[in-house]
Amino acid sequence: MIAAVMSMFELLHLEFMQNAFGAALLASVACGVVGSLVVVNRIVFVSGGIAHSAYGGIGLAFFLGISPLAGALGFTVAASLLMGGITLAHKQRADTFIGVIWALGMALGIVLIDLTPGYNVDLMSYLFGSILAVPSGDLYLIAALDLVLVLFALFYYRQLLALSFDEQFARTRGVPTRILFLVLYMLIALTVVLLIRVAGLILIIALLTIPPYIAEAWCRSLKAMMIVAAGLSALFSLVGLWLAYEWDLTSGPSIILVAGCGFFITLALKNLRERGADA
């Protein structure tokens, strides 16, 4: 254990690992805040749809010759608002429509990249990201995202709490639930777009769902859940990065596997606790 900790500290002398660790910690804050709201509002499928629809924006950006960040941001925010509107208007069929938008977004992105003359982008890099190749400039963008999300959670905490646990009560108290839902969907889109190069779509979905689910099992407030989820996300990311470096593995899947182990350990502990309570 001590040797592992010493080895991790030795990695900090490498500049690319410093950026990777910094990106992991900053991304964990964003995923802790947004992921907790995703889990308690039971919109994990929506977040997956928003994340995968980003492919359409990436493909459109390369096809038009504009910044991938700008293209992905505009397209993904538009897709998130469309999904939000459909969810609010047709809750019973929302999963079907979201699945269609999910598939169309990915298909459109791939086709547009195929049609882009003289350029062939590696879409796998957007699936799993390249956290070991994060430039310093991206860290400032993620830090700005963290600031926006934390301030949003602080200023609208009571409204978000009411919305997440009793939507009817929130509506009777004058909380603009529809606007908050749409803003939440837009924040998911913003988080996905700014983290897509760092973490990749699959890792973003994992960090938006697994740490908050684990935190929900042991926390009694939304605020505590956000903090614990961010801490767990950071822990999983740093351990996954260390394992990837030590064993020459791909970093994204390594982090996901570590988070997955934490998920199943939590399930086992919850079952043991419930059996103990029944006994």
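Visitor: Which residue forms a salt bridge with Glu-167?
Guide: This is a predicted model, where local features need pLDDT of at least 70, side-chain atom pairs count only at pLDDT 80 or more, and totals for chains, interfaces and linings use all residues. Numbering starts from 1 along each chain as its sequence is written, and side-chain values use heavy atoms, without hydrogens or water. A salt bridge here is a Lys or Arg side-chain nitrogen within 4 Å of an Asp or Glu carboxyl oxygen. The closest N and O atoms are 2.7 Å apart, and the partner of Glu-167 is Arg-171.

Visitor: In which helix do Glu-167 and Arg-171 both lie?
Guide: Helices are DSSP runs (H or I, at least four residues), numbered from the N terminus. The two residues are 4 apart, about one turn of the helix. An α-helix has 3.6 residues a turn, so residues three or four places apart point the same way. Glu-167 and Arg-171 share helix α9.

Visitor: Is Glu-167 buried or exposed?
Guide: The classes are set by relative accessible area: buried is under 20%, exposed is over 50%, and partly exposed is in between (1.4 Å probe, protein chains only). Its partner Arg-171 has 38% and is partly exposed. Glu-167 has 18%, so Glu-167 counts as buried.

Visitor: Which residues does Glu-167 touch, not counting those up to four places away in sequence?
Guide: Contact means heavy atoms within 4.5 Å. Glu-167 sits in α9, residues 167-172. Beyond its sequence neighbours, Glu-167 touches Lys-91, Ala-162, Thr-177 and Phe-181.

Visitor: How many salt bridges does a search of the whole structure find?
Guide: One of them is the pair Glu-167 and Arg-171. Another joins the side chains of Arg-42 and Glu-216, at 3.6 Å from N to O. The search of the whole structure gives 2.

Visitor: How many residues apart in sequence are the parts that Arg-42 and Glu-216 tie together?
Guide: Arg-42 lies in the loop between α2 (15-40) and α3. Glu-216 lies in helix α10, residues 177-218. The pair therefore ties together parts whose separation in residues is 174.

Visitor: What is the relative accessible area of Arg-42?
Guide: Its partner Glu-216 is partly exposed, at 27%. Arg-42 also has a positive phi, near 55°, in a residue other than glycine. Arg-42 is exposed, and its relative accessible area is 61%.

Visitor: Which residues lie nearest the centre of the largest pocket?
Guide: Pockets are found on a 1 Å grid over the protein atoms alone: an open set of points with protein on both sides within 12 Å along at least five of seven lines, lined by residues with an atom within 4 Å of a point. The lining has 18 residues. Helices α3, α4 (68-89), α5, α8 (157-165) and α10 each supply at least two of them. Nearest the centre are Asn-41, Arg-42, Ile-43, Thr-87 and Tyr-185.

Visitor: How much space lies in the largest pocket?
Guide: Points are joined across faces, edges and corners, and volume is the space filled by probe spheres set on them. For the largest pocket this comes to about 310 Å³.

Visitor: Which helix gives the most to the lining of the largest cavity?
Guide: A cavity is a set of grid points where a 1.4 Å probe fits but cannot get out. The structure has 1 cavity of 30 Å³ or more, lined by Ala-24, Ala-27, Ile-131, Ala-199, Leu-203, Leu-207, Ser-237 and Ile-255. Helices α2 and α10 each supply at least two residues. With 3 residues, the helix that gives the most is α10.

Visitor: Which residues in α8 are buried?
Guide: Leu-161 lies in this helix and is partly exposed, at 32%. The cover over the buried residues of α8 includes α2, α7 (136-155), α9, α10 and α11 (222-247). The buried residues of α8 are Tyr-157, Leu-160, Ala-162, Leu-163 and Ser-164.

Visitor: What separates the C-alpha atoms of Leu-161 and Val-40?
Guide: Along the chain, Leu-161 and Val-40 are 121 residues apart. In space, their C-alpha atoms are separated by 9.4 Å.

Visitor: What is phi of Asp-248 near?
Guide: Asp-248 sits in the loop between α11 and α12 (251-278). Asp-248 is exposed, at 72% relative accessible area. Its phi is positive, in a residue other than glycine, and near 55°.
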